[in-house]
Amino acid sequence: MKIGNVPYRSVWVDQQDGWSVHIFDQTRLPWELDILRLTERDQVARAIVTMQVRGAPLIGAVAAYGLALALRADAGDAAMERDAALLAGTRPTAINLRWAIERMLARLRPLPAAERVAAAYDEAGWICDEDAAQNEAIGRHGLRLIQEIAARRGADGVVNILTHCNAGWIATVDWGTALAPIYMAHDAGLKVHVWVDETRPRNQGASLTAWELGSHGVPHTVVADNAGGHLMQHGMVDMVIVGTDRVTRSGDVANKIGTYLKALAAHDNDVPFWVALPSTTIDWRVQDGLAEIPIEERGGAEVTTITGRTADGRIETVQLTPPGSGAANPAFDVTPARLVTGLITERGCCDASQDGLAGLFPEQA
Ligand SMILES: CSC[C@@H](O)[C@@H](O)C(=O)COP(=O)(O)O
């Protein structure tokens with residue numbers, strides 16, 4: 001996607017040196033566009049843990065390059081297994097991270113150490129290219145859903161879409177998942193307007209989704225997380241599209257904390273609730289999302305403080321709560337498949353169910 005008129009991906013290898021890895025520091029957006037240069041394993045691990053990079057597909061892709069950087073230091077068997085485990089353990093909920101590391105190891109383990117660095121960069125590059133292509137396909141399939149609603153609304157009708165967290169191009173290698181259909185609808189001339197949940201505590205909606213949509217010229221309005229139910233009750237939401245960090249083989253969906261409440265409100269108001277994902281986000285080994293998906297617990301400071309830009313341009317973090325108040329910070333929740341209208345994947349749309357997923361991905365069933 002473009003910033004200004006310059007096309008970017010969310011992770012790329014330095015063209016000059018051919019090995020260091022660049023990312024945007026997402027903790028500085030939307031205030032500053034800082035590009036970080038990563039040169040070693042620990043920088044990559046730190047970037048994922050501190051959420052300088054975030055979003056399920058992107059942390060998988062960046063971790064893949066993290067393993068390539070680690071192999072530059074030591075490409076022996078023991079070091080590779082240790083570094084792969086370290087990178088895979090940086091965040092627990094998004095399955096794309098484990099998937100990417102397992103794919104890297106499947107390619108690298110049979111090779112002699114001397115051939116591993118080149119192969120690792122090659123494989124990480126494929127992971128990135130495939131993610132971009134899958135998300136573009138998700139965009140095309142999701143576009144049809146938006147077109148159907150637009151057709152019912154008539155020529156002047158605006159399609160109002162609510163989204164939670166950030167599942168845009170900055171959360172993937174390119175295009176995004178939930179936002180890909182929205183970009184395509186906007187580019188196709190459909191009138192779309194996006195309700196952007198602020199997404200406390202880290203505000204990925206207010207900072208990242210609003211920045212992405214604004215940069216692309218997509219009309220949008222940021223709302224407090226608690227506003228979604230009210231908007232749906234008053235007919236102001238035509239559909240919900242969210243991304244996900246892990247989908248079970250039965251169609252349960254883990255996504256940013258608060259997604260479940262939006263699904264409940266959508267169900268109560270007959271608003272279609274769609275989840276967009278590349279197949280790399282499906283955990284075929286897991287059936288019951290509530291029982292089996294590990295939910296990341298992050299530090300309480302993300303709840304007790306808030307970061308923003310002051311009137312004179314400084315980025316500051318301020319305290320919201322009284323001294324001594326404790327805080328809990330579960331970062332994800334699980335929406336049961338029964339509340340999900342359907343899944344939008346690179347192979348098309350399906351029911352959020354074992355049969356639905358098996359129909360699209362028979363080789364996994
Ligand atoms: C295409 S990204 C899908 C999900 O990863 C996204 O919705 C989300 O929950 C991200 O959580 P985050 O904690 O910001 O990494």
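Which backbone nitrogen lies 3.0 Å from a polar atom of the side chain of T345? The backbone nitrogen in question belongs to R347. The model examined here is a predicted one, in which local features need pLDDT of at least 70 and side-chain atom pairs count only at pLDDT 80 or more, whereas totals for chains, interfaces and linings use all residues. Residues are numbered from 1 along each chain as its sequence is written, and side-chain values use heavy atoms, with hydrogens and water left out.

The surroundings of T345 make a handy starting point. T345 is placed in strand β17, residues 342-345 (strands are DSSP runs of E with at least two residues, helices are runs of H or I with at least four, and both are numbered from the N terminus). Because its relative accessibility is 0%, T345 counts as buried (under 20% relative accessible area with a 1.4 Å probe and protein chains only; over 50% is exposed, and partly exposed is in between). Besides the approach to R347, the side chain of T345 reaches the backbone oxygen of G348 at 2.9 Å. Such polar contacts are pairs of N or O atoms within 3.5 Å; within protein, one must be able to donate a hydrogen and the other to accept it, and residues adjacent in sequence count only if both atoms are side-chain atoms. Leaving aside neighbours within four places in sequence, T345 is in contact (heavy atoms within 4.5 Å) with I138, H141, L277, L360 and F361.

Attention now turns to the ligand. Around the ligand there are 18 residues, of which R54, R91, D245, N255 and K256 come nearest (a residue is near if one of its heavy atoms lies within 4 Å). Helix α2 (56-73) and strand β11 (253-256) each supply at least two residues of this shell. Oxygen atoms of the ligand also find polar partners: a polar backbone atom of G55 is 3.0 Å from one ligand oxygen, while an N or O atom in the side chain of R91 is 2.8 Å from a ligand oxygen, and for the side chain of Q204 the distance is 2.8 Å. Taken alone, the ligand exposes 420 Å², and the protein buries 99% of that (Shrake-Rupley method, 1.4 Å probe).

A further buried site is found in helix α4 (residues 95-108), where L105 is placed. L105 is buried because its relative accessible area is 7%. L105 touches L67, M80, E81, A84 and P110, not counting residues up to four places away in sequence. With A84, the separation is 21 residues in sequence and 7.8 Å in space, C-alpha to C-alpha.
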